[in-house]
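Hi,

Here is the structure I said I would pass on to you. Have a look at it first, and then read on for what turned up in it.

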Amino acid sequence: MNTLSFRPPRSVAGFNLLAALLVALTISGMWFSVGFAQSEDIGVVTGTVRNETTGETIPGAEVTISKFADQSGASEDTTTTADDAGVFTFENLDVSDGFAYAVSTRYMGVLYASTMILLSNDSEQGVDIVVFDSTTDQSVISIPTRGLIVSGLDPEIGVLSVTDAYTFEVSGNQTVVEGGDGYSVKFPVPENVEEITPRPGFNFGTARVEETSVLVTTALKPGQTNASLEYDFNYTGTSIEVPIDAAYPTRTFQILIPVSLSDDDISVSAAGVQILDAGLVPINGRDYHVWRADVLPIDSTMTLTIAGLPSPPTVNSLSTLEPAILAGLAVLAAAAITGWVVVSRGLHRPRPVELAPAAAAPLDERREELSADLRALESAWFAGNVPEPEYRSSRKLILEELRSISRQYRGLGDDE
């Protein structure tokens, strides 16, 4: 496993608070140009901070209202304090078209926000903020659905790309936060993964890789939350094994392979669990071959075998015994000479390879740019906006440069 790259959020509050708001505004087409006239109407937003765990209000809660003028994420914030009944009020608000508002508060270290507020529709609105007590007990987490989606296949270099799409569900009425083990949510990663990249919408902030898991510390609130990671596997031959671990109880696990990726008859089998062939399923205008397994208990494991892959190019092997013997003798002679040179010059002593800070900084920046380009390309392809040949060609170039950067981090040259 080499690289886990994340695009840092603009700010903790801004990123978490605005994600849903910006999507909703974009979909509904409610953004307008900023050059509007000031309305004479004055808006009022009032509401209550309520603890859904206890059913009680939160007196004295600090509440912030954020005013957004466009999709850049920049906001004007105003803060007030709820009264003894947990009630807050914001007055003298601009109700012009093009402005959107959201109110938020922090409770037990977790940010909670309202839905978006458009005062141009109604200048006086009531919006409650619902908060929850926190827990470090991860037994309340389950996975209704988890899907492995083959998102890329490049037989020229032997790379299989897979998106691991999770839907988390927190039962009860408590928010799961980081515990003594240093994380709130765990993503088990197949041990033979070469590259790990968060998919668009992975709003889990800072993450780290430990052994074969991606660990995050972002709070997981009651209800359902989606997240996806992308893996790159190197493979040889016509099949690859993918070990799968279940960190949480999983009700449905699916493997989806786009029919358009290859004309070959790709198949999936599993060891450790029963898996069923669900046939072809159309999803967003694409046909997928789907395999399905039901009920993966917590800490269960299985090994998937994806077979029928187009074989990468291989080097021709020796066809007769004589050339093999001659080659072996040549290798032995070369090894003897090389060994004498290494020992006589002291080259056998350990010489740690380190990447100079001056070289590391540009590499970090370039890797971040490439990861962003890859995410954008994948999003466009899944939306059907990029032709298949262009997608595969562009993706191949990005992955090759990412692997080059990974080799440089390990002190290897591009030709090694």
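One thing before the details: this is a predicted model.

Let's start with the strands. β23 (276–283) and β24 (286–296) are joined by seven bridges and run antiparallel. If you want a pair to find on screen, Gly-279 has Val-290 in β24 as its bridge partner. β24 also pairs with strand β21 (residues 250–258), again antiparallel, through eight bridges. In that pairing, Ile-255 stands opposite Trp-291 in β24. As general background, strands of a sheet pair through backbone hydrogen bonds, either parallel or antiparallel.

Now zoom in on the turn of the β23 and β24 hairpin, which has two residues between the strands. Asn-284 sits in that loop, and its phi is positive, about 50°, although it is not a glycine. Is Asn-284 buried or exposed? Its relative accessibility is 74%, and anything over 50% counts as exposed, so Asn-284 is exposed.

Asp-299 is worth a look too. You will find it in the loop between β24 and β25 (301–307). Its phi is near 65°, a positive value in a residue other than glycine. Asp-299 has a relative accessible area of 63%, so it is exposed as well.

For a loop residue with another level of accessibility, go to Asn-203, between β16 (195–198) and β17 (207–210). Its relative accessible area is 31%, which lies between the 20% and 50% cut-offs, so Asn-203 is partly exposed. Its C-alpha atom is 8.5 Å from that of Thr-218, and the two residues are 15 apart along the chain.

Elsewhere there is an open sheet of four strands, in the order β5-β4-β7-β8, with antiparallel pairing. Which strands are at the edges? They are β5 (75–81) and β8 (110–113), each of which pairs on one side only. From one strand to the next, the twist averages 25°. Inside this sheet, β4 (residues 62–68) and β7 (residues 100–107) pair over six bridges, and Phe-68 stands opposite Ala-100 in β7.

Next, the inside of the protein. In soluble globular proteins, nonpolar side chains tend to be buried together. The largest nonpolar core here has 49 residues, and those with the most contacts inside it include Leu-160, Phe-168, Phe-187, Phe-253 and Ile-255. You have met Ile-255 already, opposite Trp-291. Leaving out residues up to four places away in sequence, Phe-168 touches Ile-141, Val-185, Phe-187, Leu-220 and Tyr-248, among others. Apart from the largest core lies another one, of 25 residues, among them Phe-90, Leu-93, Phe-99 and Val-110.

Last, the empty spaces. How many cavities of 30 Å³ or more does a search of the whole structure find? It finds five, and the largest cavity holds about 60 Å³ of space. β12 (141–154), β13 (159–170) and α4 (388–409) each supply at least two residues of its lining. The most comes from α4, with five residues. Among the lining residues are Gly-152, Val-159, Tyr-391 and Arg-395.

Have fun clicking around, and write back with any questions.

Cheers

Technical notes: Residues are numbered from 1 along each chain as its sequence is written. This is a predicted model: local features need pLDDT of at least 70, side-chain atom pairs count only at pLDDT 80 or more; totals for chains, interfaces and linings use all residues. Side-chain values use heavy atoms; hydrogens and water are left out. Buried means under 20% relative accessible area, exposed over 50%, partly exposed in between (1.4 Å probe, protein chains only). Two strands pair if DSSP finds at least two bridges between them. Axes are lines fitted to C-alpha atoms, for helices over the stretch in contact, and angles run from 0 to 180 degrees between N-to-C directions. A nonpolar core is a set of buried Ala, Val, Leu, Ile, Met, Phe, Trp, Tyr and Cys residues joined through side-chain atoms within 4.5 Å. Contact means heavy atoms within 4.5 Å. On a 1 Å grid over the protein atoms alone, a cavity is a set of points where a 1.4 Å probe fits but cannot get out, and a pocket is an open set with protein on both sides within 12 Å along at least five of seven lines; lining residues have an atom within 4 Å of a point. Grid points are joined across faces, edges and corners, and a volume is the space filled by probe spheres set on the points.
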